[in-house]
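Visitor: Could you walk me through this structure, one question at a time?
Guide: Gladly; have a look first, and then we can talk.

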Amino acid sequence: MRTLDWIVLVTSLVSIVAYGLYRSRGSDTVDRYLLAGRSMPWYAMALSIMATQASAITFISTTGQSYVDGMRFVQFYFGLPIAMVILSATVVPLFHHAKVYTAYEYLEKRFDGKTRTLASLIFLCQRGLSAGLTIYAPALVLSVILGWPERNTTLLMGVTVVSYTVLGGIKAVTWSDVQQMCIIFLGLLVSLITVIVLLPKTVSFGDAVFLAGAAGRLNAVTTNFDWNDRFNIWSGLLGGTFLFLSYFGCDQSQVQRYLTGKSVAQSRLSLLFNAVAKIPMQFFILFIGAMVFVFYLFIQPPLLFEHTELARIQGRIEYPAVADNYQRAFDRRKQATMALVDAHHQGNGAAVEREIGEYRQAQRQIDDARTQASQLVTRSGGGKDFSDTNYIFLSFVTKYLPVGIVGLVIAVIFAATMSASSGEINSLATVTVVDMYRRIRPGESDHHYVLASRVATLFWGAYAVLFAGWGKRLGPLIVAVNVVGSLFYGSLLGCFVLAFGFRKVGGTATFVGMLAGEAAIFWAFKFTNISWLWYNVIGCAVVVGTALAITYFSPASAATTRPHTPLPE
Amino acid sequence: MGGSILNATLPPKSFPAVRALRRFTRVETTGLRHPILYYVLMPPVPPDHDDPPPFLGTWRRVYTAILIYLGAIIAASYLFTRAYR
């Protein structure tokens, strides 16, 4: 990072925080602090929803995911438009008319207090863990760039985010998200253009796309069905739909966004904007990762992208042989790549096939060398499941992007994290105060509950910072954050499906169903190889099935059923 | 107005499981008292409760347009994958 990069970075961050705080003035009541007085326009909510989901993890890890596994991760988002349509038609008007602060508040009106408490606890566990991962990602950035220990950078990020969230409330979070998304879009565009410009002069954009395809990095759709395969069109459409139904319908960090809307129509538009924009955005980010891969076909990448681990294994006696193999494999791959480009230019199909075969053999050698290096890391005291996927894009940015743009990209990552973390911590504080504290100590003044919200924000910020240290052990962050979510979302979704769709099911049946759903999910996680995208389907099905069975075989349990929460006129 | 959307689609001579399903989904067709699938087919609340969308006239048309858009995106991604495989 040079002086200009620091200027760009500091200016971007200060302006974002200052603008958010400026727009949040007057957040002195619970309604304003937690729901912005239900005054937000749809475009602000839409960008805030997008920014909350597109944390730094999206940029750091998704590009790395594309580098190592191609673009098939995009299928994960195919269920999102379906989920958004269902939620816009069902949950949004329901929550708006019920005038609730949290999604779980509705459950007490529909079922009973214990169901609300259990759902709130499930949310607090899940989102608390995810908040740690969200803070860990930018801490990773700082540690790579500044060479600081990750613990210190985690603490620095945590303190910044917490102080900003405590002061501003949801209005600050939402308006700073708007600005952050503008910077994010700009940063993405500049990154892609720069990657393409940095390719060798003899390689056109068309050649780069051809090479990415030949290397298997443009596999956006895979149609084969496999329970154990994380990303294919079926898991994306079905598992993804369930995951996003849970995320946007039952997760307070998202529900709180569209509860701030002026009207049902404004909230619906904010969700539907995401239905339209999210897949192209993810496609774009994954494409950047694929282009970074093509760039490294011509410029030798480091054996490991995490330079601290690389430095550690360089002293091992086995290292020179691994590095030598890697060097030879890279030279062979580069030669095959150049020959492939020539054959492509000449339109020589047979030569193209031959060179692709040669390329693949060289790629296998590279993969083997990297695997050996990872094993060296493990043997020399590194993490058990070492993965440098999260470092690939950052390594590229800091080493090859021109001065000024490095600062911009780092600002994008920071901005995204600040918005995602602050939103998560804000929603955790909301559930803690509204669904827990206010029920224990009802009848206090508005000022008291605002103060309690600020204290709760502080608590959850500290919790997230402490948990962040665990993030490193979970492999690619973008996957880790969704795995954590999937462990809990299925039960929450099942609970809301029962609330909206099955009026005869009562609170006790739902409560037992949720416990059974959680048990089923953790059983699948611990004892099977079923992909995590299916956990949401399994959890939801077990909750609904169990509750229906209890209600059917024990009609007395339905006696606890309350009528549906009426629409306030 | 009463009854379930499932009453119209299930066979007249129902099995116990079907009767059980009916039992749980028998709802009135106004306000909030809909099974969740019903929302996909019909607007969830009477039109006078909600603002119309700024385009396409009704929310139902907007939802349909988005699902068509999803189909187009998947088809385009599939063709993209095949073209560069």
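What follows is a set of questions and answers on this predicted model.

Visitor: Let's start with confidence. What is the mean pLDDT of chain A?
Guide: By element, confidence in chain A runs from a mean of 78 in helix H2 (residues 30-35) to 93 in helix H5 (residues 79-89). Over residues 563-569 of chain A the pLDDT is below 50, and that stretch has 14 contacts in the model beyond near neighbours in sequence. Still, 93% of the residues in chain A score at least 70, and the chain average is 84.

Visitor: And chain B: which helix has the highest confidence there?
Guide: Chain B has a mean pLDDT of 63, with 41% of its residues reaching 70 or more. Residues 1-14 of chain B stay under 50, and residues 24-48 of chain B are also below 50. Confidence in chain B is lowest in helix H1 (residues 5-9), at a mean of 37, and the highest value, 93, belongs to helix H4 (residues 59-83).

Visitor: What ipTM does the predictor give the complex?
Guide: Two scores come with the complex as a whole. The pTM is 0.78, and the ipTM is 0.81.

Visitor: What radius of gyration does chain A have, and how does that value compare with the globule rule?
Guide: Chain A contains 22 helices and zero strands. For its 569 residues the globule rule gives 25 Å, and the value for chain A is close to that, so the chain is as compact as a globular protein of that length. Its C-alpha atoms fill a box of roughly 75 × 55 × 45 Å along the principal axes. The radius of gyration of chain A is 25 Å.

Visitor: Which helix gives the most residues to the largest nonpolar core?
Guide: Buried residues make up 60% of chain A. The largest nonpolar core has 203 residues, and those with the most contacts inside it include A:Ala212 and A:Met291. A:Ala212 touches A:Met291 as well as A:Ala290, A:Phe293 and A:Val294, among others. With 19 residues, the biggest contribution to this core comes from helix H13 (residues 264-298) of chain A.

Visitor: Is A:Gln266 buried or exposed?
Guide: A:Gln266 lies in helix H13 of chain A. Beyond four places in sequence, A:Gln266 touches A:Pro41, A:Trp42 and A:Gly261. A residue needs 20 or more C-beta neighbours within 10 Å to count as buried. A:Gln266 has 23 of them inside 10 Å, so A:Gln266 is buried.

Visitor: How far apart are the C-alpha atoms of A:Glu318 and A:Ala373?
Guide: A:Glu318 sits in the loop between helix H14 (307-313) and helix H15 (319-346) of chain A. With 14 other C-beta atoms within 10 Å, A:Glu318 is partly exposed. A:Glu318 and A:Ala373 are 55 residues apart in sequence, and their C-alpha atoms are separated by 9.2 Å.

Visitor: What span should helix H4 (residues 56-69) of chain A have?
Guide: Twelve of the 14 residues of this helix are buried, among them A:Phe59, A:Gln65 and A:Tyr67. Just after the helix, A:Gly70 takes a positive phi of about 80°. The end C-alpha atoms of H4 are 19 Å apart, which agrees with the expected span at 1.5 Å a residue: 20 Å.

Visitor: Which residue with a positive phi follows helix H6 (residues 91-98) of chain A?
Guide: H6 is mostly covered, with seven of its eight residues buried; A:Leu94 and A:Phe95 are among them. The residue that follows counts as exposed, because it has 12 C-beta neighbours inside 10 Å. That residue belongs to the loop between H6 and helix H7 (103-110), and its phi is about 50° although it is not a glycine. Most residues other than glycine have a negative phi, and the one that follows H6 here is A:Lys99.

Visitor: What is the phi of B:Leu56?
Guide: B:Leu56 lies in the loop between helix H3 (36-41) and H4 of chain B. B:Leu56 is partly exposed, with 13 other C-beta atoms within 10 Å. Its phi is positive in a residue other than glycine, with a value near 65°.

Note on methods: Residues are numbered from 1 along each chain as its sequence is written. Chains are lettered from A and ligands numbered from 1 in the order in which they are written. This is a predicted model: local features need pLDDT of at least 70, side-chain atom pairs count only at pLDDT 80 or more; totals for chains, interfaces and linings use all residues. Helices (H or I, at least four residues) and strands (E, at least two) are DSSP runs, numbered from the N terminus. The radius of gyration is taken over C-alpha atoms; the globule rule is 2.2 Å times the number of residues to the power 0.38. A nonpolar core is a set of buried Ala, Val, Leu, Ile, Met, Phe, Trp, Tyr and Cys residues joined through C-beta atoms within 7 Å. Two residues are in contact if their C-beta atoms, placed from the backbone, lie within 7 Å. The expected span of a helix is 1.5 Å times one less than its number of residues. pLDDT is the predictor's confidence in each residue, from 0 to 100.
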